[in-house]
Amino acid sequence: MKGKIAVLLLALLISLGVVFSGCLGPKEKAPAPADRPELKSLAALVGEENLSIMHLVGLKAAAAAMKELPFEKAKETVLALTDSGYPVIEGREGYPQSRYSTTAALDGLMAASGRTRGQGNLIVLGRSIYDPLWFAFFDKETGECVYLEVREDILRPYLEDEAAGKADHEGFMALAATGLFKMAKENIAPRELIEAANAEAWHEKFTAKVFGGNEFSILTVCAVWDKGMSHEFTRAVELHNHICPGLTSGYYMAQYLDANFPLGEAERYVVWALPPWCKDDAFQTIFGATVGKRRMKVTPCCFLPELHLGDALRDGVEEVLAQEPYAGFVYGMRHHPVCSRCRW
Ligand SMILES: [Zn+2]
């Protein structure tokens with residue numbers, strides 16, 4: 001009898017083994033950090049059981065850049081730029097029915113490359129959900145920059161398998177970086193690009209979109225970071241996603257206000273953007289004066305001040321905006337000789 005039970009149990013185990021290997025297979029098991037030393041710090045950060053394909057995307061981007069640039073985890077002269085967390089990867093059914101967040105890629109990038117927001121060497125640029133997921137690594141010592149843009153068609157099946165409970169982490173780790181990413185390496189040393197001839201030569205690369213259309217963002221942010229960038233300016237840059245004279249003037253205006261009109265207790269800035277432009281993204285981050293919190297009023301016309309609506313500082317923006325002349329002007333803007341042709 002004992003023999004029969006043993007045989008039955010063995011048969012059951014074998015059949016279960018066949019079923020499980022058919023469902024999951026050895027490939028679908030997440031690789032243990034001990035098996036892959038490059039996963040150790042990521043597993044320590046997020047927990048081994050939580051490792052996902054999107055974590056590995058950031059990790060693979062960092063690993064490829066560390067090889068290409070090249071740089072070590074401890075190197076202090078390297079900046080990482082990415083839009084991770086903003087774009088989504090559309091599943092087979094398209095957005096919004098099926099989509100995958102790109103946020104976890106940030107953890108993979110940080111664990112592998114040692115870049116963090118706290119150290120000021122990781123900048124996450126705001127983009128829309130529809131934009132591609134990309135990473136860039138810039139070494140201010142050499143001026144070299146490596147750009148990696150995710151090929152969604154390659155990544156999508158891995159995400160869909162993972163969502164269906166069949167994650168192939170091993171297969172994904174085995175993918176070549178050039179298979180998963182569109183990669184480019186360019187020298188963008190600011191001290192070189194400031195020369196007219198070099199800037200002109202770079203114009204062709206702008207046109208060719210060597211960094212997937214993110215050239216302006218990457219070049220301007222790297223150039224300023226190279227010289228040193230305050231944390232509050234970095235936050236404004238993250239919202240605005242590039243550096244331009246407009247955003248910079250907003251930053252300087254905020255500094256002027258802070259120095260000359262310091263806030264008293266329970267006071268706060270309300271910004272009236274008239275008309276709105278790049279500077280206002282600096283106010284939104286530095287003062288927290290966002291449109292949604294009704295701490296920023298936006299009037300899309302620069303002719304309005306000619307109406308002399310009153311003193312917003314004395315009377316308050318709300319009161320000024322509640323006046324009939326203001327409402328009348330906004331209502332009649334489409335007939336104004338200039339406003340009617342304004343792009344706003
Ligand atoms: Zn701008």
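# Asking why: a strand, a sheet and its helices

Mentor: Welcome! In this predicted model, strand 1 has all 5 of its 5 residues buried, so the rest of the structure largely encloses it.

Trainee: What makes a residue of strand 1 count as buried?

Mentor: The cut-off is 20 or more other C-beta atoms within 10 Å of the residue's own. Val-78, Ala-80 and Thr-82, which point one way from strand 1, are buried, and so are Leu-79 and Leu-81, which point the other way.

Trainee: Why do the side chains point two ways?

Mentor: Because side chains in a regular strand alternate between the two faces of the sheet.

Trainee: How do you know that strand 1 pairs with strand 4?

Mentor: Pairing needs at least two bridges. Strand 1 (residues 78-82) and strand 4 have 3 bridges, in the parallel sense, so they pair by that rule. As one example, Thr-82 has Val-124 in strand 4 as its bridge partner.

Trainee: And in which sense does strand 1 pair with strand 5?

Mentor: Those two are antiparallel, over 5 bridges. Ala-80 has Phe-137 as its bridge partner in strand 5.

Trainee: Why is the pairing in this sheet called mixed?

Mentor: Look at the two pairings of strand 1: the one with strand 4 is parallel, while the one with strand 5 is antiparallel. The open sheet has 5 strands in the order 4-1-5-6-7, and its pairing is mixed.

Trainee: What makes strand 4 and strand 7 edge strands?

Mentor: Strand 4 (122-124) and strand 7 (181-187) each pair on one side only. From one strand to the next, the twist averages 15 degrees.

Trainee: Which helix lies across strand 1?

Mentor: That is helix 10 (residues 215-227), running at about 150 degrees to strand 1. Helix 10 also lies across strand 4, strand 5 (134-139) and strand 6 (144-150).

Trainee: How do you know that helix 4 is largely enclosed?

Mentor: Helix 4 (residues 104-113) has 10 of its 10 residues buried, so the rest of the structure largely encloses it. Among them are Leu-106, Asp-107 and Met-110.

Trainee: What do the buried residues of helix 4 pack against?

Mentor: They pack against helix 2 (40-46), helix 3 (53-68), strand 1, strand 3 (99-101), strand 4 and strand 5. Just after helix 4 comes Gly-114, with a positive phi near 80 degrees.

Trainee: Why is helix 11 called oblique to helix 13?

Mentor: Helix 11 (residues 231-240) and helix 13 (residues 279-286) pack at about 125 degrees, with axes 8 Å apart. Roughly perpendicular covers 65 to 115 degrees and roughly antiparallel begins over 145, so an angle between those ranges counts as oblique. That makes helix 11 oblique to helix 13.

Trainee: Which residues meet there, and of what kinds?

Mentor: Among the residues of helix 11 in the contact are Glu-232, Arg-235 and Leu-239, and helix 13 brings residues including Asp-281, Gln-284 and Ile-286. The contact divides into 4 nonpolar, 3 polar and 3 charged residues.

Trainee: How many helices and strands does the protein have?

Mentor: The protein has 16 helices and 9 strands, and 29% of its 344 residues count as buried.

Technical notes. Residues numbered from 1 in each chain as written. Predicted model: local features only at pLDDT ≥ 70, side-chain atom pairs only at ≥ 80, totals over all residues. Helix = DSSP H or I, 4+ residues; strand = E, 2+ residues; numbered from the N terminus. Axes fitted to C-alpha atoms, helices over the stretch in contact; angles between N-to-C directions. Contact = placed C-beta atoms within 7 Å. Buried ≥ 20, exposed ≤ 12 C-beta atoms within 10 Å, placed from the backbone. Parallel < 35°, antiparallel > 145°, perpendicular 65-115°, else oblique. Nonpolar A, V, L, I, M, F, W, Y, C, P; charged D, E, K, R; others polar.
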